[in-house]
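Here are a few friendly notes to read alongside the model. Please keep the viewer open as you go through them.

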Amino acid sequence: MEEAIIEPTTFDLIVVGTGLPESVIAAAASSAGKTVLHLDPNPFYGGHFSSLPLHDLTSFLASQSQPSDARCPSSPQPDGSDHTSVHLATRPLYSALNVTSYSAEPLESRKFNLDLAGPRVFFCADSAVDLMLKSGTNQYMEFKNVDASFVFDKNSGGLNSVPDSRSAIFKDTSLSYREKNQLMSVFKLVQGHFEVAGSAESDGGGRRISREDLQRPFAEFLNRMQLPQKIKSIILYAIAMADYDQDLEACKDALKTEDGLDRLALYHSSVGRFPTALGALLYPLYGQGELPQAFCRRAAVKGCLYVLRMPVLALLADKDTGSYKGVKLASGQELFSHRLVLDPSFKVPLPLANSPPASLQNSSHVVGLRDVQGKVARGICITRSSLKPNVSSCLVICPPRSLYPEQVMAIRVLQISSNLAVCPSGMFVFYLSALCEDAVEGKQLLETAISSLFSVPTSGSPEDTSAEQSENTEVLKPTLLWGAVYIQELTMLFQKMYPDEEFFPNTASSDQIEDDSGLDHET
Amino acid sequence: MHGRPRKAPTPEEQRGSAEKAAKLCSLQSQFLQNHHSKIYTKEALEISAKLLEANPEHYTGWNYRKLAVEHNLGRPEEAAGSDFIDSVFAEELRVVESALKMNYKSYGAWHHRKWVLSKGHSSTDRELRLLNLYQRQDTRNFHAWNYRRFITALKSIPAEQELQFTTDMINENFSNYSAWHNRSVLLSHLLKEKAQGYFPKEKILSEEYEFVRNALFTDPDDQSGWFYHLWLVDQTVKVDAPMLVSSWPPHDYDLSNPKDCTLDDCGFFSYTTFKYHTGKFPLVLYFSEAVEGVSASTVTFEAEYDIDTILTWTPLSTYNSVCAQAWVTHLNIPDRKINFPKAYPVKVSLGHSQGIISSSGIPYSHRSCITVYIPLHDSQKAEGQKLERILWTDENFCNLETPCQKSNPLNSVLQLRIKEEIDPTAFKWNAETIANEIAHCRELLSWSTWKIGKLTLARLLMAHGAMMVFNSPDSLNMVHFAEVLELYRSLIELDPTHSQYYKDEYSLVFLKKVILLSVNYSCGVGWGEASLISIPTNLMVASSIESLLGYCRQYRDSTPLSASGCLCLRLSNLSLSRIGSVENFLWLQMLDLSHNQLRSIEGLEAMQLLSFLNLSNNKIGSFTALDPLRLLKSLEVLDISYNEIGSHTVDTRRYLCTSPLSHTVGSDWNFEEFRICNDSVTNYWEAFSLFRDLNLIQLDIVGNAVADDKFKSFLHKLLPGLKWLDGEVLL
């Protein structure tokens, strides 16, 4: 590759990595009139948020599962320079990668656009959707509605549709009349609560839930409404999208009533927000990788400079104060900026992050994407048939304890069909995810989900699936053609930048950076 | 479209609407000028289009355009070029469309569109596409639904396809009265036609019950599903063909010598006999619903004496001259001096021809036959009967006397129901279905209180009870009267806005309870000792207290020749607001309804024997509310004191009644004839139309706002036969 010289050499901001949060920041900073350089070591946009062909996906996951080869640590710069170079190490974000192909013929790798970090869908009323509308990135993308949501029924092993609206409850055939009435009562209670909260005088039928109750666990609130487990499970995991088992004594992340109600409200305001989308959830055409690209495009329009295939080798620090000055590229060029944003795979060098405290306390010049305790287990499956006949895309929730008694986490499975241009026609791609403590737990969660939802051919006889199907005539499970399971480290961006600048014109506050990346990881 | 609260207009909005009004005014004056001068040029049409697009409610504007179309198409120089015709109608459709954009609930605009389409020059496909668009924007716009029915009829779209459309719309949002309504219209049609896949009716209705139950249970507060449910219940309960429910005299009844000898002993019906001096007696037929076509050709008589076979039948209805639930004719009483035979049988038959038709067009086809025994006219007995003033005080009424305890004196009159051969399996599905709905309703109400749920349960219980009793009168103890009455009592409290309706329903159920318990009681006694044992003792006790007999008194006063001994039904102080179960009271001569909450006395017109009526201390608001009395030719004593006649300036019942503007009634009224002290009495129209048909002897009207001295002298003039007015003897 011809080593290009980047001009100018000084920027307001250098962003390393074109993942979604980095792209949003680059676009926001560019829109605010800052000079921005956006670098990515990969030959494609999106980093850990991209959608890749089949082989590229596996090789990327494999490459990112190894720690970067340790190069020379911080080396002093040639004499006369006023700064030192600190080597930038990366850490593996993925582990326990396991890829299996069951297909007799090889799959056409190029015809796939597989998300590295799925499943990821948007609520129509999500603030991230507002962000896309406000930033104008929506013009580079097209979204489609996720047709349906289902919840895994542990008794029948089948999928029940999630009665998420008044009309869905009406149409539902799996609920008893009693259950229909109870579920609708909860929806009306929530609606009444927000109606009263929204208007000064409470002349409506709504009744505000007391402040005290709002602070209590949501599961307890639902219990007091004497809801049966089935209804509770639908509300908690398929509508409020809780991750942890809310009925556990020591629930790690007990949803407060207040937050539970907010999530129900988000869900309900999503239904019917857009006239073309009847359901609550959206998925972009060509995969999630379109998102960071759209923000990068927006940034480029606003003057952001893009350089791909350009790894950053080291950070440059002031010799005297030790504070950040710039970056050293693989091309050998040194570039300087006031601020730096690094993608989450970098380990921010300790000396720079810790000392001297004074300079970092007042204004953080280096923003690393801090890691959060926890991991997420992800899986990708490819089949030739849908989980439900006549449904092309859907979200399936396996609530805690629905697959096996010790299951503490909800597992989400997103089915996407070829009509979203992510796979060859006639095929379906499934993204599975579940939060987990460690790789062992994560693998168990996903593998149980896969074996419950799909028919997994025994290795050696990939096409011999007729026997299992004839035994199990009730539910025809899709047969797995290809599967991958891996563990990803959870990362989040928490720092605020440019607090004085507007975060995209018309946008309320820069807090949204935080919100968006948070939500992205959740779903 | 729905549920948007009205906001007070801002000053800008007010300014805006003032400007708009000024613009409209000038447009309108230009338009009216064109209209009056019959100018239908292109420019003139444009002005009307502008006006209608700004204000689609301008009916004259639409009519003008219709005239313009007819005028322009009729011009000879245009010589019916089809292109020209099409363009004229296309322009009309365009104007309607932009008017509908302004307000797509404009009656005028939709009507104009129908008019254009009915001319047959426009594409119905396009209309259907347009409708799909409108109905997606506002799924509940009944104008669009209405128009859809019009277009689908024009296009002959099969009802099955339209039914699927309603299913889709309901699935989208079941809170849609229009969709449910259209569903009922389409299903009625399919069931009537017995279309493929829509037979048997029972199967389809069961599916519909399940379908709507999803709506009722999901959101019981939403009333649209309940309305459809009510329609389903009606389909389940109603009997298609009209039936003869009761008659006066009842079958097998001997007017001269009722089989139950106690009647003679007690003398309850002495007054009946007394009335025979006119030489005629009324024959009343009471049907299950309003029918027309009762005449000398549809009802035939066979008698051993010479009766006038060309009888005139009168419908007993105050507002309909061809259709009524009860019909009356007057039969001659054979006038012979010879005392043998004592009574002649008269056989009344109907159902042999299809001339009697219900309002829904279904003929009465059940062959029925009633035989009654007519006494001879005793002219001597008729002489010299003098009536004393009737006093409605308690002292003048006594409990029925001892002979009656052995056998119920009401026996013979209460068995009025036309006994028919009943197939015990006939209503099996219907009764089971209603029972099932009752169970579901009870389940729903066990979770929380829903007013409409309670109302539905009350209706279902009554419907079920009626079916059970119809199939076998023994099952009377299965009718949950107490529960139904309690439901209405709680509804009156829960829903004060509609309390009047609940009070009416309460009254009807109460009366039904009174009469049904009596029927059972009397039947039991009538069948003799053996059947007495079969009736549970508790029911006997309950019925003897609560039944009709408990409300029956005998009138007694000092003068032996008056109404003394007459049987009186005293339903006073019972909070009744409506009268019902009239079919069981056709024999009544004396009725006390005082101290209730009656606003109307609808139904009373069928009691053709009624001679003494006490309506004092009720809530009768006008003379028009007393209209049914006009049909009671036997009425002699009337007490309407302490009501609210004249207290209400607006008579809300007026629209139901004959109007002074009508040419058919009252054109013969000569105001001058009743002029009092040179005062015009034109405002006594209602009183005139009521009282001029009555032959009252005694009237009490004190305690009404209308009853001043002037009015009393008017009455005195109007009713020459009146002997007592408010207790004063008139000379």
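1. A residue counts as buried when its relative accessible area is under 20%. By that cut-off N704(B) is buried, because its relative accessible area is 7%. Please keep in mind throughout that this is a predicted model.

2. Where does N704(B) sit? You will find N704(B) in the loop that runs between β16 (698–700) and α25 (709–718) of chain B. Beyond its neighbours within four places in sequence, N704(B) is in contact with I640(B), S641(B), Y642(B), N643(B), E644(B) and I645(B). From this loop the side chain of N704(B) reaches the backbone oxygen of I640(B) at 2.9 Å. As for L494(B), its C-alpha lies 32 Å from that of N704(B), with the two positions 210 residues apart in sequence.

3. Next, the interface. Here 11 residues of chain A are in contact with 23 residues of chain B, and the area buried between the chains is about 1400 Å², with 55% coming from carbon and sulfur atoms. On the chain A side, R166(A), F170(A) and Y177(A) lose the most area to chain B, together 53% of what that side buries.

4. Polar links deserve a look too. The rule finds 4 salt bridges across this interface; one of them joins the side chains of R166(A) and D219(B), at 3.1 Å from N to O. There are also 9 residue pairs in polar contact between the chains, both residues being at pLDDT 80 or more. On the chain A side, the elements giving two or more residues are α4 (166–171) and α5 (177–198), and α5(A) gives the most, with 6 residues. By type, the residues of that side divide into 4 nonpolar, 2 polar and 5 charged.

5. Now the aromatic rings. The whole structure holds 32 aromatic pairs over all chains. Y94(A) and Y486(A) pair edge-to-face, 5.7 Å centre to centre with 75 degrees between the planes. This pair links strand β6 (residues 94–101) with strand β23 (residues 480–491) of chain A, the two residues being 392 apart in sequence. Both rings belong to buried residues: Y94(A) is at 1% relative accessibility, and Y486(A) has a relative accessible area of 1%.

6. In chain B, the planes of F217(B) and W447(B) meet at 75 degrees, so this pair is edge-to-face, with centres 5.7 Å apart. F217(B) lies in helix α10 (residues 201–218) and W447(B) in helix α17 (residues 428–447), so the pair ties together parts 230 residues apart in sequence. Is each partner buried or partly exposed? F217(B) is buried at 2%, whereas W447(B) is partly exposed at 22%.

7. Finally, ring pairs link F170(A), F174(B), W180(B), F211(B), Y228(B) and W231(B) into a cluster.

Definitions and conventions: Residues numbered from 1 in each chain as written. Chains lettered and ligands numbered in written order. Predicted model: local features only at pLDDT ≥ 70, side-chain atom pairs only at ≥ 80, totals over all residues. Heavy atoms only, no water. Contact = heavy atoms within 4.5 Å. Buried area = accessible area lost by both parts, 1.4 Å probe. Polar contact = N/O pair within 3.5 Å; in protein donor to acceptor, adjacent residues only side chain to side chain. Helix = DSSP H or I, 4+ residues; strand = E, 2+ residues; numbered from the N terminus. Nonpolar A, V, L, I, M, F, W, Y, C, P; charged D, E, K, R; others polar. Buried < 20%, exposed > 50% of the residue type's maximum accessible area, 1.4 Å probe, protein only. Phe/Tyr/Trp six-rings, centres within 6.5 Å; stacked < 30°, edge-to-face > 60°.
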